[in-house]
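Hi everyone, thanks for making time for this. I'd like to walk you through one structure, so let's put it on the screen.

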Amino acid sequence: METEDNNHDGHGHDHGHGDAGHSHPHQEIAIADAPSYYDLMETAVRELLIERRLFGADEIRRQIEVLDSRTPTLGAKVVARAWVDEGFRRRLLDDGRKGCEELGITFYDDTQLIVLENTPKVHNLIVCTLCSCYPRPVLGLPPDWYKLKPYRARAVYEPRAVLEEFGTHIPDGVEIIVSDSTAMVRYLVLPMRPPGTETMSEEDLAALVTRDAMIGVIPVEYQKEAA
């Protein structure tokens with residue numbers, strides 16, 4: 001039996017997610033070749049701030065260096081610890097920010113982090129419908145496709161179709177929950193641990209976890225090498 005897809009909407013509006021009988025054309029999720037709207041806006045705002053002497057170029061450079069130091073390997077470290085440490089997993093799900101801070105991951109802003117756990121019955125998908133809000137302290141910069149309008153719109157009203165385009169098939173009996181990030185509330189998906197990894201070290205487990213799995217568009221996969 002197919003369950004109704006749900007939405008955690010931090011922007012204060014509702015979305016329908018059913019895609020049964022859907023036959024209208026849509027733009028596929030793709031990476032932009034040209035600079036995006038946000039790239040152009042960032043350049044314009046940065047140049048204006050420097051021109052008005054509200055920020056100096058050195059100050060902006062230092063902040064960019066902080067952002068560049070954050071990569072998905074931090075989030076992967078969090079996921080791997082949650083897989084091997086049940087107490088940490090519970091604390092992480094209770095307060096994502098505090099859980100990350102336990103591992104020495106600092107937050108340079110006031111955002112709240114909510115960690116959503118995938119299960120055999122529930123699959124979580126993260127989006128920001130208004131812009132590109134994203135858990136940057138633990139994942140770094142968002143991918144280009146995350147910021148594009150086709151993903152931001154279609155992830156809400158036809159999440160199964162979007163996931164299929166990433167090669168992820170979600171059975172009809174699995175509920176899809178789409179969570180809408182905001183300027184102050186960000187989400188991170190805790191993907192399911194793949195079978196066959198029971199004897200792997202925490203470090204090796206972290207190496208399996210990808211950025212896209214922590215957004216929710218793909219699962220974590222593991223193929224055991226033949227002896």
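Before we start, one term: I'll call a residue buried when its relative accessible area is under 20%. And please keep in mind that this is a predicted model.

With that cut-off in hand, let's look at strand E3. Six of its six residues are buried, so E3 is largely enclosed by the rest of the structure. Val122, Asn124 and Ile126 point one way from the strand, while His123, Leu125 and Val127 point the other way. What does E3 pair with? Its partner is strand E4, residues 175-180; the two run parallel and are joined by six bridges. If you want a place to put your finger, Leu125 stands opposite Val178 in E4.

Now let's stay with one residue of that strand, His123. Its relative accessible area is 7%, so His123 counts as buried. Where does its side chain reach? It comes to 2.6 Å from the backbone oxygen of Gly216. Leaving aside residues up to four places away in sequence, His123 touches several others, among them Asn118, Val174, Glu175, Ile176 and Ile177. Leu163 is also one of the residues His123 touches, and that's where I'd like to go next.

Leu163 is in helix H9, which covers residues 159-165. Is Leu163 buried or exposed? Its relative accessible area is 0%, so it is buried. With the same sequence neighbours left out, Leu163 touches His123 and Leu125, along with Thr168, Ile170, Ile176, Gly216 and Val217. Val217 makes a nice example of what folding does to distance: Leu163 and Val217 are 54 residues apart in sequence, yet their C-alpha atoms are 5.7 Å apart in space.

Next, the helices H3 and H4. Helix H3 takes in residues 72-84, 13 residues in total. From first C-alpha to last it reaches 19 Å, close to the 18 Å expected at 1.5 Å a residue. Which of its residues are buried? They are Gly75, Ala76, Val78, Val79, Ala80, Ala82 and Trp83. A general point helps in reading such a list: an α-helix has 3.6 residues a turn, so residues three or four places apart point the same way. The buried residues of H3 pack against a number of elements, including helix H4, helix H5, helix H10 and strand E5.

In H4, the buried residues are Gly87, Phe88, Arg89 and Leu92. They pack against H3, H5, strand E2 and E5. The N-terminal end of H4 is capped by Asp85, with a side-chain oxygen 3.1 Å from the backbone nitrogen of Gly87.

For the aromatic fans in the room: a search of the whole structure finds five aromatic pairs. Take Trp145 and Tyr151: their ring centres are 5.0 Å apart and their planes sit at 75°, so this pair is edge-to-face. Trp145 counts as buried at 5% relative accessibility, and Tyr151 is buried too, at 0%. Both belong to one aromatic cluster with Tyr134, Tyr146 and Phe166.

Finally, a word on confidence. The protein chain averages a pLDDT of 85, and 78% of the residues score at least 70. Over residues 11-21, though, the pLDDT is below 50, even though this stretch has 30 contacts in the model beyond near neighbours in sequence. Where pLDDT is low, the predicted coordinates should not be read in detail.

Thanks for listening, and I'm happy to go back to any part of it.

Notes
Residues are numbered from 1 along each chain as its sequence is written. This is a predicted model: local features need pLDDT of at least 70, side-chain atom pairs count only at pLDDT 80 or more; totals for chains, interfaces and linings use all residues. Side-chain values use heavy atoms; hydrogens and water are left out. Helices (H or I, at least four residues) and strands (E, at least two) are DSSP runs, numbered from the N terminus. Buried means under 20% relative accessible area, exposed over 50%, partly exposed in between (1.4 Å probe, protein chains only). Contact means heavy atoms within 4.5 Å. A polar contact is a pair of N or O atoms within 3.5 Å; within protein, one must be able to donate a hydrogen and the other to accept it, and residues adjacent in sequence count only if both atoms are side-chain atoms. pLDDT is the predictor's confidence in each residue, from 0 to 100. Rings of Phe, Tyr and Trp (its six-membered ring) pair if their centres lie within 6.5 Å; planes under 30 degrees apart count as stacked, over 60 as edge-to-face and the rest as tilted. The expected span of a helix is 1.5 Å times one less than its number of residues. Two strands pair if DSSP finds at least two bridges between them.
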